[in-house]
Amino acid sequence: MSKLQPARGTRDIYGDDARHMRAVTDAFQRVAASYGFEELATPIFEFTEVYKRPLGETSDIVSKEMYSFESSAREAGDKEPEELTLRPEFTAGVCRSFISNGMQQNLPCRFMSWGPAFRRERPQKGRYRQFHQINAELLGQANPEADVDIIAMAWRLLNELGLGDKVVLHLNSLGDQESRAQYRDDLVTYFSEHKDELSEDSIRRLESNPLRILDSKDEGDRAIVANAPLMSASMNDESKAFFETVQAGLSAIGVPFKHDERLVRGMDYYCHTAFEFITTELGAQGTVLAGGRYDGLIEQLGGPATPGIGWAGGIERLAMLSMQGTQPDRPVMLMPMGEAATIKAFELAEDMRSAGATVISDRTGNLKKRMNRANKADARYAVILGENELENSVVTVKNLDEGSQTEVPFSALAAAVTSGGGEA
RNA sequence: GCGGGUGUAGCUCAGUAGGUUAGAGCGCCAGCUUGUGGUGCUGGAUGUCGCCGGUUCGAAUCCGGUCACUCGCCCCA
């Protein structure tokens, strides 16, 4: 075993892993495009402020999980050092881009993005320090129908990945800002009365994030949570109506969901709809796709008040669950023997590629070795060009599935290897 | 960041009353087959036993540290 390892929480992605992940992003791009989403590729790092402001100084992400650094490349012409951060999530960067480019002229905006994100957490299965997400954001629509659309899109994607029966949609509403603030107060009041019964973690949450106590895994906490006031009790009429519409819409298009009163969101800018698609097959990393509405975020970043809703999916987690992947095209292995044949083979290879074939030229070793490699590469044909063939302007085409072989004139080769399995 | 488990060949793993040259399967290489793969037969090589240090006449095995992975917590996709 080599001492040279990738940095903690990172890994090399190749082979089946790469194919499975590609299947997820391919399906995502296809599905999102069918809902009118267009690609927005934001930089992989931003000014630290972009993440710090909306997430809050005290949030776990900002205080201990961000990869931040100071760039001071004076040689490159930078006058002042810049505080930069590798993106820990997509939403803040997308909203920054929306503001930077004056996109409020063009509402509503539907953006799809994908790629790596970085968080310095303790690695676990399905949780990496460099991980990959697919991300969808819909900006400029305050109506609950938008929430239905974007959840429907997620549901369609999950089904295309064959995960319809492996995930459960947990759905909740945090209400509007007023309702949410009210609920928070109600919870603090209630939990403060039971403070001495709460776990250490939850006493801390009482200050930092009281809503999080609701999904505590501590046994003692759960007993107290069971009698805690419900979000729905604190919601005003507008918020109730909003949530009713979302649920009715999902029912109308047949998206199954479970109203989960204990599903919450950490950041303050979240409101109304919150949802998570959860599986039981990945241990503690059960959330494979999650999102919600964030009507206050863009304004908080200094842009024009613009409502937004979106979600992010973990590509690693989705890939691990679905295990789908397209195999590469079966290649034609071209085997020129000798110098003159090698030159001729360049031309034949390009002819076959022009006709749509995948061609690999194997120029080294004896024929036995090359046939062996052809077999490992799962080639459909081996094309042999030796001195005998060269003299007669033919190649020997061997069908590796059937074991049969025939001689084919140069001019007929491209057609022979692209005729779809038919013997030449 | 906190707590538990694991680390032996490319891969999956055996290997404890500490004892000489550390094993299996798969894969890999070679030959049977000098211009022909897959299945078969024969043979071969796998390796700082994660790393560093300690105990011991002697450590893959016991102890400490460290790194990585893994399970849970925190948090989250």
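Why does Phe69 count as partly exposed? In this predicted model, Phe69 counts as partly exposed because its relative accessibility is 36%, a value that falls between the limits of 20% for buried and 50% for exposed residues. Phe69 is placed in strand β3, which spans residues 68-71, and together with Ile44 and Phe45 it makes a nonpolar surface patch of about 250 Å².

**The surface near RNA strand B**

Around RNA strand B there are 51 residues, of which Arg119, Arg127, Arg212, Thr287 and Leu400 come nearest. Of the atoms of RNA strand B that come within 4 Å of the protein, 56% belong to sugar and phosphate. Sorted by class, the surface near RNA strand B comprises 23 charged, 15 polar and 13 nonpolar residues.

Several secondary-structure elements supply at least two residues each to this surface, among them the helices α3 (60-65), α7 (200-208) and α15 (387-392) and the strands β6 (130-139), β10 (287-293), β11 (308-314) and β15 (394-399). The largest share, seven residues, comes from α14, the element that covers residues 367-376.

**Side-chain contacts to the bases**

Base atoms of RNA strand B also lie close to polar side-chain atoms of the protein, as the following distances show for Glu121, Asn375 and Gln405.

| Residue | Base atom of RNA strand B | Distance to a side-chain N or O atom |
|---|---|---|
| Glu121 | oxygen | 2.9 Å |
| Asn375 | nitrogen | 2.9 Å |
| Gln405 | nitrogen | 2.9 Å |

For Glu121 the partner is thus a base oxygen, whereas for Asn375 and for Gln405 the partner is a base nitrogen.

Terms used
Residues numbered from 1 in each chain as written. Chains lettered and ligands numbered in written order. Predicted model: local features only at pLDDT ≥ 70, side-chain atom pairs only at ≥ 80, totals over all residues. Heavy atoms only, no water. Patch = residues over 30% accessible without salt bridge, like charges linked within 9 Å, V, L, I, M, F, W, Y side chains within 5 Å. Areas by Shrake-Rupley, 256 points an atom, 1.4 Å probe, with all protein chains shown as cover. Salt bridge = Lys/Arg side-chain N within 4 Å of Asp/Glu carboxyl O. Helix = DSSP H or I, 4+ residues; strand = E, 2+ residues; numbered from the N terminus. Buried < 20%, exposed > 50% of the residue type's maximum accessible area, 1.4 Å probe, protein only. Near = heavy atom within 4 Å. Polar contact = N/O pair within 3.5 Å; in protein donor to acceptor, adjacent residues only side chain to side chain. Nonpolar A, V, L, I, M, F, W, Y, C, P; charged D, E, K, R; others polar.
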